[in-house]
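Me: I would like to go through this model with you before planning anything around it. Could you take me through the interior first and the charged pairs afterwards?

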Amino acid sequence: MDVIRIRGGRPLEGSIEIGGAKNAALPLMTAGMLTDERLVLSNVPKLADIRTMSSLISQHGVAVEPQEPEGRRLSIGGAITNDEAPYDIVSKMRASILVLGPLLARVRTARVSLPGGCAIGARPVDLHLKGLEQMGATIKLEGGYVDASAPQGLKGATILMPFVSVGATENLLMAATLADGRTTIANAAREPEIIDLAHCLIAMGARIEGVGTDKLVIEGVKRLHGADHRIIPDRIEAGSYACAAAISGGSLLLRGARLDQMEALARTLAECGVEISEQSDGLLVTRARTLSGTDVSTEPYPGFPTDMQAQYMALMCVAEGAAMLSETIFENRFMHVPELNRMGARINVHGASAIVRGVPSLSGAPVMATDLRASLSLVLAALAAKGQTTISRVYHLDRGYEAVERKLAACGADIERLSA
Ligand code: UD1
């Protein structure tokens with residue numbers, strides 16, 4: 001297994017191209033299952049999760065074809081010949097559950113392995129299932145699989161989500177596009193990735209109102225058609241590199257990044273002493289002064305993203321003063337804390353909150369990535385640390401960050417990937 005080796009202490013200078021959003025690409029790929037025609041997605045990131053989703057969709061019989069050698073344009077579409085999403089693929093990636101809504105809508109049956117828990121928490125899928133039941137599906141759980149059917153087709157329904165779920169909103173939104181009648185999803189998630197999905201579905205012929213709000217109203221149509229859609233930039237990749245500029249004491253131009261998708265993070269970083277300015281081709285991020293400890297609480301969009309909590313914590317490790325980070329979305333998302341502490345950080349976890357007391361410097365150490373975003377927080381800490389850090393289990397990193405070592409090395413980081 002590969003490891004990443006970093007020698008810290010160099011301010012980063014230069015520019016980094018921000019790729020297409022992983023969390024937009026995954027549901028958009030499953031939206032391709034809603035039509036026999038071709039959905040062509042561009043700005044597709046080159047990531048392990050995208051390859052996993054391609055193999056899942058292909059094994060449902062739907063063609064997933066790269067439109068150019070780099071694979072950044074994918075064409076998806078065709079008849080569904082197999083309604084089963086098997087355990088060996090679903091267990092690799094929870095977002096596989098996003099085939100459930102499209103399968104039920106198109107072929108009226110689906111057999112999808114239950115994703116189970118994951119390192120950051122239990123992450124059940126009850127809201128996905130309850131919503132589909134409200135739309136007339138019969139759902140049985142047997143042998144670790146969700147067996148769903150709607151022999152008469154899905155029907156429009158009024159669904160009130162008890163709390164905000166990104167994935168459940170996406171699954172129900174996709175299912176509702178082909179249901180009979182009107183579906184209302186209240187307390188819907190309104191992440192930029194959901195707006196992107198809705199825009200693509202509308203381009204495919206779906207009738208959706210309330211895009212960008214917490215109430216989506218969908219009038220079902222008989223069929224959807226093909227479309228061309230460009231995926232939005234990855235706000236979490238951009239936010240992660242903004243933290244890299246800040247923690248290294250440098251300045252980075254994040255090409256393609258959009259401030260309107262990351263306002264909560266930008267406000268917090270500004271309070272800490274990081275300047276972010278909009279340029280014609282992206283965002284320029286510069287550490288303006290000594291970093292100061294600033295509290296945050298993770299929230300659904302437009303609040304501070306849980307997917308930025310670990311990276312922001314790395315930054316707070318070297319800030320002046322203390323910061324309290326409260327995690328309200330996932331119950332076990334502090335696994336990076338012991339690893340950061342091994343590098344000299346002073347972090348105490350109390351239930352769903354972590355108190356980070358800033359230290360003058362971190363020191364390099366062998367550490368282990370525990371999940372996708374945690375792995376980037378270790379990269380950030382290593383960029384600021386004295387001496388050498390080796391990060392193992394970097395397959396977590398490869399699920400969601402494209403060419404991280406190449407992008408950082410081009411801006412002056414002393415970083416390399418070693419094949420063990
Ligand atoms: C998506 C993102 C993930 C991000 C998360 C929150 C993708 C592929 N992944 O994950 O990166 O961290 O949003 O912004 O887009 N829950 C239930 N029952 C359900 C569904 C969710 O209890 O049926 C709970 C979860 O355990 C969690 C919370 O609701 O505590 C929010 O989860 P959700 O918004 O659904 O996250 P995902 O869609 O899995």
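Reply: Certainly. One term is needed at the outset: a residue is called buried when its relative accessible area is under 20%, and exposed when that area is over 50%. Please also bear in mind that this is a predicted model.

Me: Is histidine 60 buried or exposed?

Reply: Histidine 60 has a relative accessibility of 0%, so histidine 60 counts as buried.

Me: Where does histidine 60 lie?

Reply: Histidine 60 is in the loop that runs between α2 (48-59) and β4 (63-66).

Me: Which residues does histidine 60 touch?

Reply: Setting aside residues up to four places away in sequence, histidine 60 touches Met33, Ala79, Ile80, Thr81, Asn82, Asp83, Glu84, Ala85, Val99 and Leu103. As for asparagine 82, its backbone oxygen is 2.8 Å from a polar atom of the histidine 60 side chain.

Me: What follows α2 besides that histidine?

Reply: Glycine 61, just after α2, takes a positive phi of about 95 degrees.

Me: How many residues does α2 have, and what does α2 reach from its first C-alpha to its last?

Reply: α2 has 12 residues and reaches 17 Å between those two atoms, close to the 16 Å expected at 1.5 Å a residue.

Me: Which residues of α2 are buried, and what covers them?

Reply: The buried residues of α2 are Asp49, Ile50, Thr52, Met53, Ser54, Leu56 and Ile57. Their cover includes α1 (22-31), β4, β5 (74-77), β6 (84-85), α3 (87-90) and α13 (395-400).

Me: There is an aspartate in that list. What does the side chain of aspartate 49 meet in a salt bridge?

Reply: The partner of aspartate 49 is lysine 22, with an N to O distance of 3.5 Å. The pair links distant parts of the chain, since aspartate 49 belongs to helix α2 and lysine 22 to helix α1, 27 residues apart.

Me: Are the two partners buried or exposed?

Reply: Aspartate 49 is buried, because its relative accessible area is 2%. Lysine 22 also counts as buried, at 6% relative accessibility.

Me: How many salt bridges does the structure hold?

Reply: The structure holds 20 salt bridges. One of the others joins lysine 130 to aspartate 126, with the closest N and O atoms 3.8 Å apart.

Me: Why are lysine 130 and aspartate 126 separated by about one helical turn?

Reply: Both are in helix α5 (residues 126-134) and they are four residues apart, so about one helical turn separates them. In general, an α-helix has 3.6 residues a turn, so residues three or four places apart point the same way. Lysine 130 is partly exposed at 48% relative accessibility, and aspartate 126 is partly exposed at 33%.

Me: What about arginine 258: with which residue does it form a salt bridge?

Reply: Arginine 258 pairs with aspartate 260, the closest N and O atoms being 3.0 Å apart. Arginine 258 is partly exposed at 36%, as is aspartate 260 at 40%. Elsewhere, salt bridges with shared partners join Asp2, Asp398, Glu405 and Arg417 into one network.

Me: Back to the interior. How many residues has the largest nonpolar core?

Reply: The largest nonpolar core has 74 residues, and among those with the most contacts inside it are Leu100, Val112, Leu132 and Leu154. A second, separate core has 71 residues, including Cys243, Cys317, Leu340 and Ile391.

Me: Which residues is leucine 154 in contact with?

Reply: Neighbours within four places in sequence aside, leucine 154 is in contact with Leu104, Ala105, Leu132, Met135, Ala137, Ala175, Ala179 and Asp180.

Note on methods:
Residues are numbered from 1 along each chain as its sequence is written. This is a predicted model: local features need pLDDT of at least 70, side-chain atom pairs count only at pLDDT 80 or more; totals for chains, interfaces and linings use all residues. Side-chain values use heavy atoms; hydrogens and water are left out. A nonpolar core is a set of buried Ala, Val, Leu, Ile, Met, Phe, Trp, Tyr and Cys residues joined through side-chain atoms within 4.5 Å. Buried means under 20% relative accessible area, exposed over 50%, partly exposed in between (1.4 Å probe, protein chains only). Contact means heavy atoms within 4.5 Å. A polar contact is a pair of N or O atoms within 3.5 Å; within protein, one must be able to donate a hydrogen and the other to accept it, and residues adjacent in sequence count only if both atoms are side-chain atoms. The expected span of a helix is 1.5 Å times one less than its number of residues. A salt bridge is a side-chain nitrogen of Lys or Arg within 4 Å of a carboxyl oxygen of Asp or Glu.
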